[in-house]
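Biologist: I am new to this structure, and I would like to hear the reasons behind the words you use for it. Could you take me through them?

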Amino acid sequence: MNIPEKYYPVLLVAVCLLLFFPHLDVLYANIMEARNFNTAREMLLFDNWVFTTMNGDARYEKPPLPTWLAAFSAAVFGLTKLWALRLPSALITTVLVLFSYTLSRKRLGLTAKQSLYAALILATSFYVLFAGRNGTWDIFAHGFMLGGIYFLFAFFTETSRKYKNAILAGIFIGLSFMSKGPVSHFALLLPFLIAYAWVYKFRSFRSRLVPFAALLIITLALSAWWALAIYFGDADTAQAIADKESAAWANHNTRAFYYYWSFFTQSGIWTVPAFVALLYPYLKSRVSDLKVYRFSLIWTLAAVVLLSCIPEKKSRYLLPVLIPLALNTSFYIEYLVRCFKALTDKRETFPVYFYFGLLTLITLLAGPAVMYLFASDMQTTDWLWFALFQLSMIAIAFVFIRSLKSKRIEPAFYSVVAMCCAIITFAFPLVRLTFTNPDYREIAPVIQHYKESGKPLYYLQTSSPELIWDFGERVPVLISEDERELPKAGSFYVVVEKDRVDVLEEQLPEYNLELTECYDGNITSKADRNYKSRRIGCIYKATKR
């Protein structure tokens with residue numbers, strides 16, 4: 001690809017526009033998003049910008065920066081528009097990708113092409129794609145942290161602009177803390193510092209002590225002010241929430257130390273190249289810059305080891321690992337682009353033919369698979385999206401075959417990126433064809449009707465963020481922190497999740513309970529793994545005995 005280097009950032013932005021911005025409203029809000037979106041809604045409706053709430057209850061589990069950004073976007077584009085609430089995630093992921101490119105190019109000194117490879121691999125890695133299209137906190141924490149690492153690297157290596165780099169590093173690291181606490185500090189910054197100390201060493205640090213002190217002060221100020229405001233403004237609630245979160249880290253989703261051994265598979269479409277790139281004995285004599293390769297490998301492995309030390313483990317917690325892993329994988333891609341034509345050893349060429357051959361097969365079968373599953377349900381617009389998707393897959397398969405035949409890897413590499421863009425841009429709208437729940441009914445109009453008609457309606461307990469989001473507004477709760485606040489009226493209505501009716505009966509033994517109706521907020525069918533009983537809101541009439 002003969003695009004001048006100065007246009008590489010423009011190319012990266014164009015790819016990000018195709019990956020993170022189209023069709024942001026296709027999927028309904030998941031549980032993590034619902035927490036964020038509920039809090040953003042109450043910021044706008046009740047001015048709870050510092051003492052954040054969800055359905056009136058304190059929501060201090062996470063710092064508020066991503067929620068502020070979601071609220072600002074919703075204020076501009078509309079609170080009911082999911083794409084507006086998810087837009088900040090797409091923007092910060094684009095920033096993350098650009099920082100990846102500039103870190104590789106300007107700080108690590110890699111070629112522009114390899115820096116481009118690293119950034120494109122990062123943008124198309126599975127969990128980066130997932131997080132960049134969801135209104136969750138993780139991508140903000142790691143996006144800001146990579147910015148902090150960029151300026152921190154400059155602070156460690158440049159003899160000039162020490163104060164500027166220290167201040168900017170402190171700001172970005174502080175913003176990372178304001179996004180999800182110390183998560184990225186532990187999972188991304190600390191592994192970076194370990195890799196930097198191992199490979200580059202901390203030299204001439206005495207002359208940097210004063211600007212480094214400024215860095216720490218800025219970081220601490222940005223990181224601590226909200227926690228201090230909560231502590232002094234609502235200490236008891238803050239302590240209870242902190243105890244609950246600490247217990248969750250120690251006792252929930254606990255896994256064995258080796259649970260993350262297959263971490264490279266979380267890069268999704270890059271699993272095979274990512275695995276080969278981790279084989280240091282094989283690649284150390286083939287990479288163009290051994291020092292940076294060692295740095296990226298240690299950074300990656302240190303992140304995996306540190307995350308493995310935490311008892312609570314989930315696959316999505318590997319998101320920060322994908323940042324150095326993408327850089328590490330770029331060394332293998334750069335080697336193949338440079339040397340694949342001359343390779344004759346089948347042990348080296350087999351993984352390449354297997355990888356791109358598998359992708360070719362997938363592109364050729366993707367269209368027929370969609371036809372087989374959904375042809376009978378497609379409408380006119382669906383057929384248009386399908387036609388564009390099918391044509392793009394055929395074109396990409398052709399490039400794969402031609403590249404392997406000519407032993408030119410670079411076109412095949414770019415075709416992998418194009419494949420991801422085509423799936424998001426053309427195939428993602430077809431996800432709506434899986435929304436097949438015949439019992440789906442919105443509960444928000446019902447909540448509004450009860451409010452307008454003056455019927456006293458309550459929510460049993462703040463327990464389902466998705467259901468609260470589906471309400472469309474705040475509904476007062478009967479039980480908060482194990483305290484009951486029952487209305488004086490002889491009868492009232494209560495919303496409860498379908499699988500928590502037993503809790504309702506336990507909490508209101510002095511009332512006769514009569515089911516009015518249930519409203520299923522699941523778009524997918526009951527056979528789908530994303531079907532959640534906590535999205536089914538049942539309304540009961542409670543009458544004093």
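Modeller: Here is a walk through confidence, helices, the sheet and a few single residues.

Modeller: This is a predicted model, in which local features need pLDDT of at least 70 and side-chain atom pairs count only at pLDDT 80 or more, while totals for chains, interfaces and linings use all residues. Residues are numbered from 1 along each chain as its sequence is written, and side-chain values use heavy atoms, with hydrogens and water left out.

Biologist: What is the average pLDDT of the protein, and where is confidence lowest and highest?

Modeller: pLDDT is the predictor's confidence in each residue, from 0 to 100. The protein averages 91, and 98% of the residues score at least 70. Confidence is lowest in α11, with a mean of 71, and highest in helix α5 (residues 112-124), at 97. Helices here are DSSP runs of H or I with at least four residues, strands are runs of E with at least two, and both are numbered from the N terminus.

Biologist: Let us start with α5, then. Why are α1 and α5 called roughly parallel?

Modeller: The axes of helix α1 (residues 8-20) and α5 cross at roughly 10 degrees and come within 11 Å. Axes are lines fitted to C-alpha atoms, for helices over the stretch in contact, and angles run from 0 to 180 degrees between N-to-C directions. Angles under 35 degrees count as roughly parallel, over 145 as roughly antiparallel, 65 to 115 as roughly perpendicular and the rest as oblique. Therefore α1 and α5 are roughly parallel to each other.

Biologist: Which kinds of residue make up the contact of α1 with α5?

Modeller: They divide into 11 nonpolar, 1 polar and 1 charged. Ala, Val, Leu, Ile, Met, Phe, Trp, Tyr, Cys and Pro count as nonpolar, Asp, Glu, Lys and Arg as charged, and the others, Gly among them, as polar. Contact means heavy atoms within 4.5 Å. Among the residues involved are Leu11 and Val15 of α1 and Leu116 and Leu120 of α5.

Biologist: What makes α3 roughly perpendicular to α8?

Modeller: Helix α3 (residues 65-77) and α8 pack at an angle of about 85 degrees, with axes 6 Å apart. That angle makes α3 roughly perpendicular to α8. In this contact, Leu65, Pro66 and Trp68 of α3 meet Leu175, Met178 and Ser179 of α8. The residues divide into 5 nonpolar, 1 polar and no charged.

Biologist: And why are α8 and α9 called oblique?

Modeller: Helix α8 (residues 162-180) and helix α9 (residues 183-199) have axes that come within 8 Å and cross at roughly 135 degrees. The two helices are therefore oblique to each other. Their contact includes Ile173 and Phe177 of α8 and Val183 and Leu189 of α9.

Biologist: Now the sheet. Why are β5 and β7 said to stand at the edges?

Modeller: The sheet is open, with 6 strands in the order β5-β4-β3-β6-β8-β7 and mixed pairing. β5 (483-484) and β7 (511-520) each have a single partner strand, so one side of each has no neighbour in the sheet.

Biologist: How do you know that strands pair?

Modeller: Two strands pair if DSSP finds at least two bridges between them. Strand β4 (residues 477-480) and β5 have 2 bridges in the antiparallel sense, and serine 480 has glutamate 483 in β5 as its bridge partner. Strand β3 (residues 457-461) runs parallel to β6, joined by 3 bridges. β6 also pairs with strand β8 (residues 536-544), antiparallel, over 7 bridges.

Biologist: What makes strand β6 mostly covered?

Modeller: In β6 (residues 491-497), 6 of the 7 residues are buried. Buried means under 20% relative accessible area, exposed over 50%, and partly exposed in between (1.4 Å probe, protein chains only).

Biologist: Why does glutamine 266 count as buried?

Modeller: Glutamine 266 has 13% relative accessibility, so it counts as buried. Glutamine 266 lies in the loop between α11 (235-251) and α12 (271-277). Among the residues it touches are Phe126, Tyr127 and Leu318.

Biologist: Why is serine 533 called partly exposed?

Modeller: Serine 533 counts as partly exposed because its relative accessibility is 31%. Its place is in the loop between β7 and β8, and its contacts include Glu497 and Asp499.

Key
Lists of a residue's contacts leave out its neighbours within four places in sequence.
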